[in-house]
Amino acid sequence: MKYAIVCAGGPEHEIADLSGFHVDETVFIGADRGAVHLLEKGITPKEAVGDFDSVSIEEYEKIKKAVKNISKFNAEKDETDTELAIERALSYNPEHVLLTGVTGGRLDHSASALHLLYRIQIEYPSISFSIINQTNAMSILLPAVHKLVRENRYPFVSFFSFGRSVTGLTLTGFKYETSEETLELGMTKFTSNETASHICTISFREGICLMVRSSDA
């Protein structure tokens, strides 16, 4: 499976446009209210996971009627519904895991999602993980050479240190190219760059880099 998309129960306006993902290469997992979001978009999730404490009795009946595989957990648990849904998503051996519906609303939930993104990327370095909403995509990059395909929906690309310094940062194919720069924690110098080539490259030797692709629209 190429893509696994986990849709959580964040505000509906935060859910990314999922119309471009082909059914035959994408598995959709609904986390709690995220299952309702998917059904309302005409997407039947492969699985629905969570304690379902954020859906009404009527909405849960709708989920049960449409989704074949439902894993219902006690509300008093150590993992969040999103974490449980990610575990199910990984069972399909995807190349990419996309999380949507995990931002917006409470800032502590958004911060929790970002730190979860960091943890799972470290634990599964061979799989790419991203948080996506209507106008942004966030990814954690590990030291390596990364290729970035230009996407018109995300004209801006920003880079931040996520922990210790990012060393040897080299950007090619961008409007503002760099070579062997150091990106320190707290530095905003690499905000709002733009893709200039169809294929851009990002490389660095040490550190953890948070990449945010975004649009003003």
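Good morning. I begin with a single residue: leaving aside residues up to four places away in sequence, threonine 195 touches Leu148, Arg150, Pro155, Val157, Gly173, Phe174 and Cys200. I should say at once that the model is predicted.

Where does threonine 195 lie? Its place is in the loop between β12, which spans 193–194, and β13, which spans 199–204. Is threonine 195 buried or exposed? The relative accessible area of threonine 195 is 9%, and the cut-off for a buried residue is under 20%, so threonine 195 counts as buried.

I now turn from this residue to the chain. The secondary structure of the protein chain consists of four helices and 14 strands. Its radius of gyration is 18 Å, close to the 17 Å given by the globule rule for 217 residues, so the chain is as compact as a globular protein of that length. Along the principal axes, the C-alpha atoms fill a box of roughly 55 × 35 × 30 Å.

Next, contacts and burial. Among contacts in the protein chain with a separation of 6 or more, 62% are between residues 24 or more positions apart. Of the 217 residues in the chain, 49% are buried.

Finally, the surface and the charges. The accessible surface of the protein chain amounts to about 11,000 Å², and carbon and sulfur atoms contribute 50% of that surface. The chain carries 21 positive and 30 negative charges, and the mean positions of these two sets are 4 Å apart.

To return to the opening residue: threonine 195 is a buried residue in the loop between β12 and β13, and its contacts include Phe174 and Cys200. Thank you.

Note on methods: Residues numbered from 1 in each chain as written. Predicted model: local features only at pLDDT ≥ 70, side-chain atom pairs only at ≥ 80, totals over all residues. Heavy atoms only, no water. Helix = DSSP H or I, 4+ residues; strand = E, 2+ residues; numbered from the N terminus. Rg over C-alpha atoms; globule rule 2.2 N^0.38 Å. Buried < 20%, exposed > 50% of the residue type's maximum accessible area, 1.4 Å probe, protein only. Contact = heavy atoms within 4.5 Å. Areas by Shrake-Rupley, 256 points an atom, 1.4 Å probe, with all protein chains shown as cover. Lys, Arg positive; Asp, Glu negative; His and termini not counted. Charge placed at Lys NZ, Arg CZ, Asp CG, Glu CD.
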